[in-house]
Each structure stands twice: as C-alpha cells, then as structure tokens.
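Reader: Could you take me on a close look at one part of this model, and then follow its connections outward? I would enjoy one long, connected answer.

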Amino acid sequence: MKILIAGGAGYIGSHLVRELHKLGKHEIIVLDNLSTGHTAAIPQAVTFEQGDIRDKQRLDEVFAKHKPVAVYHLSASIEVAQSCVDPLSYYENNVSGTVTLLQIMQKYGSKYFIFSSTAALFGMPDRIPIEADDTTKPVNPYGETKLAVEKILHWCDQAFGLKYVCLRYFNACGADEAGDIGEDHTPESHLIPLVLQVPAGKREKVFIFGDDYDTEDGTCVRDYVHVTDLASAHIQALDYLGETNESNRFNLGSGHGYSVKQIIDAARRVTGHPIPAEIKPRRAGDPATLVASSTKAEKVLGWKRKYDSIDKIVATAWKFHQLHPKGF
Ligand code: UDP
C-alpha cells in the first residue's frame, strides 16, 4: 500500500517511519515542512517530499504524484503553553492545515486516515485511568484543536466514507534502541529530555513545576509510553482499518503513572548523575494526574507494549542523547 506520513521527519513520525520501513510491506512517502523535523531521522530509501499541510498546491502535487491510499497525520504544533499565547497559529496549523490535507485526500480518493491525537482532549479528567470513550473537555487551545479534528473526521466519515483512527498519545518518550533517532526539540519543553540535559552538561538543574498537587509525592503524575510502542500501535491501526473498514479511537498509555520526582529518580539511576532539582510554581493548565486505560487498544488492535520499565525507557532516551550531544 502507498502510505503518506505527514510529519514523518518528526520525533514520533520518524520512529513510525522506521518501524514501517522495517516491515517492508508498504511504499512510504514522508511529507514534512522541516519546521521541527530532521531529514537525518528518516531512512534514505524512503521518499521524502518537503511541504506544508497548509499549502494546498504543494499537497496537490504530492498527491497527484504518489496517490497514497492511507495517510498518517503527525504534523501538528504541540506546545501547550505556546498554544495559549498564540491560539490562532495553532488553529491555522492544526485545524485549517488538517482540513486542507483532508480536502486533498478526498480529491484523490485516499481511503484511510490515522490521526495523532492527544491526552490533552481530556482536560482535567473525572476519573483515572481515562478510558477512550470518556468525556472530552480540553483546557487549552492545543487540546481544542485536536478535538476539533476528531469531530471533523466523524463528519468526513459520514459524508464521504473516510475511515479513520484517532490515537490519543499520553506522554511519548524514549528513543529507538539503536540510539540514532530520538527526541530533539528546540526549545525543549518535555520532562525526560529536559532532565537528561543535566547529566549531559547542558543545564545545571531541573525545575519541578509544583509539589503541592494531590498526588502521593505532590508532583504531577503522567503516563509515559515508549515511542516505539506508539509506532507499533500506528501500524496495528492501519491493519485494523484494512480489516474492518471502521473508524475508531484509542488511548495509548501504559495504565501506570509516574510522578515528576519518580522520573527524575529514574534518570538518576540510569545516568548515575545526582541531577539537582528545584521546586518552582505550578505550570498553568497542568492536571494533577493523567493516566490512560489502554484496554481498548489492547483488545481491539491487539496492542502490546514492549517497554513497561521506566528505567528502560529513560535508558533509550539517554543513549540517544549521549550519541547526539548536539541533536541531529
Ligand atoms: N515538568 C516539570 N519540569 C519540566 C518539564 C515538565 O516539572 O522542566 C512537569 C510538567 O509540569 C508535567 C510533567 O512534567 O507535570 C510532564 O510534562 P511534559 O511537558 O513532559 O508533558 P505533558 O504532560 O505536559 O504533555
């Protein structure tokens, strides 16, 4: 099958491209505007098209040339804090850009769409762990843009039979075991790569945003899921669409939460560095606990995670950072 991966040069996208490429079953086309992605993160044998999902003419050229049957969409803006400062650019890229991509898919008759969605859909959740069909009520523009796309997809299915899967990522982390691809954002805002910047000599200490939450040690609890495990869920989602021709949505987490302090402790064990930490005020919009139930993904997609140990996950991220002290 011809598969287009929008955002395939990014962190999660490049791990998906690697796993799909290893399978050797599909023809892969990566579309990326390289705003945050890296061509070095994708195998040379994979076709690369530079382009932005907001650029209808460019999308038309790429679709006319490759006519993909399935599209993975991982090319969104992802900074929660930035989305609160500049909501319109988030709506422009994440909603308007996705509409453009869907219009071109409709024009060229692409059948399947697999969408990178987010735990941010659930805002301050009513219960933990969060089930895939729990109420969605985002508390920031980033989550709102992802929810808007989930709703748009529903109507595209009703109107012209587009079949889609929404995958709500919880905290993607870690890196491919080989250590040659991994998380490289500038500026970095995610906890694990920030913590690892201390043993890497790039910062003196890590800041803990709030220790007065209603959790066991007072710091926020999140569900950390290895990026290669996320990639395998994407591959199973495409198989699912092919087998059932039914749209669906899944939460992707581990069912287990770790606090910020527990993550720093894991990084201390893995790196052998004391990693000094300082308590700072809470970060705006952070729920105390976000943990997913992935039971639906396990039952329906047959998803199984390879990585359940947080030390192992942090070790894969650390390997990437050691091998790439300056990023890609
Ligand atoms: N966090 C922190 N210090 C940092 C970065 C993040 O204490 O330097 C906390 C953040 O407040 C949240 C958790 O770590 O509770 C995970 O944050 P991240 O930005 O990695 O992911 P999010 O859960 O926001 O998607």
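Author: Let us begin with helix H4, in what is a predicted model. H4 lies across strand S1 (2–6), strand S4 (70–73) and strand S5 (112–118), and the helix runs at about 170 degrees to S5.

Those three strands belong to an open sheet of 7 strands, whose order is S3-S2-S1-S4-S5-S6-S11. The pairing in this sheet is parallel. Its edges are formed by S3 and strand S11 (248–252), each of which pairs on one side only. From one strand to the next, the twist averages 20 degrees. At the S3 end, strand S2 (residues 27–32) runs parallel to S3, and 4 bridges join the two. Within that pairing, Val-30 stands opposite Phe-48 in S3. The loop between S2 and S3 also deserves a glance, as Leu-34 is placed there. Leu-34 is not a glycine, yet its phi is positive, at about 60 degrees.

Back to H4, which also has a helical partner. Two packed helices are described by the angle between their axes and the distance between the axes. The axes of H4 (residues 87–108) and helix H5 (residues 141–160) come within 9 Å and cross at roughly 20 degrees. The two helices are therefore roughly parallel to each other, and H4 passes H5 in a right-handed crossing. On the H4 side, the residues that meet H5 include Tyr-90, Tyr-91, Val-95, Val-99 and Leu-102. From H5, the contact includes Tyr-142, Ala-148, Val-149, Ile-152, Leu-153 and Phe-160. Sorted by class, the contact of H4 with H5 has 14 nonpolar, 4 polar and 1 charged residues.

H4 has a charged link as well. Side chains of opposite charge can pair when their charged atoms come close. Here the side chains of Glu-92 and Arg-54 form a salt bridge, at 3.8 Å from N to O. Glu-92 belongs to H4, while Arg-54 sits in the loop between strand S3 (47–50) and helix H2 (56–66), so the pair ties together parts that are 38 residues apart in sequence. The structure holds 25 salt bridges.

Moving along the chain from S5 towards H5, you will meet a loop that contains Pro-129. A cis peptide bond joins Ile-128 to Pro-129, with omega at about -5 degrees. Another cis bond runs from Thr-186 to Pro-187, where omega is near -5 degrees. Pro-187 lies in the loop between strand S7 (171–173) and helix H6 (191–196).

Further along, there is another sheet to inspect. This open sheet of 3 strands has the order S12-S9-S14 and mixed pairing. Strand S12 (258–259) and strand S14 (289–290) are its edge strands, each pairing on one side only. Strand S9 (residues 221–222) pairs with S12 in the antiparallel sense over 2 bridges, and Val-221 stands opposite Ser-259 in S12.

One more helix pair rounds off the tour. Helix H8 (residues 260–271) and helix H10 (residues 310–323) have axes that come within 9 Å and cross at roughly 65 degrees. H8 passes H10 in a right-handed crossing. Among the residues making this contact are Ile-263, Ala-266, Arg-269 and Val-270 of H8, together with Asp-311, Val-314 and Trp-318 of H10. The contact of H8 with H10 divides into 8 nonpolar, 1 polar and 2 charged residues.

Technical notes:
Residues are numbered from 1 along each chain as its sequence is written. This is a predicted model: local features need pLDDT of at least 70, side-chain atom pairs count only at pLDDT 80 or more; totals for chains, interfaces and linings use all residues. Side-chain values use heavy atoms; hydrogens and water are left out. Two strands pair if DSSP finds at least two bridges between them. Axes are lines fitted to C-alpha atoms, for helices over the stretch in contact, and angles run from 0 to 180 degrees between N-to-C directions. Angles under 35 degrees count as roughly parallel, over 145 as roughly antiparallel, 65 to 115 as roughly perpendicular and the rest as oblique. A crossing is left-handed if the near helix is turned anticlockwise from the far one by less than a right angle, and right-handed if clockwise. Contact means heavy atoms within 4.5 Å. Ala, Val, Leu, Ile, Met, Phe, Trp, Tyr, Cys and Pro count as nonpolar, Asp, Glu, Lys and Arg as charged, and the others, Gly among them, as polar. A salt bridge is a side-chain nitrogen of Lys or Arg within 4 Å of a carboxyl oxygen of Asp or Glu.
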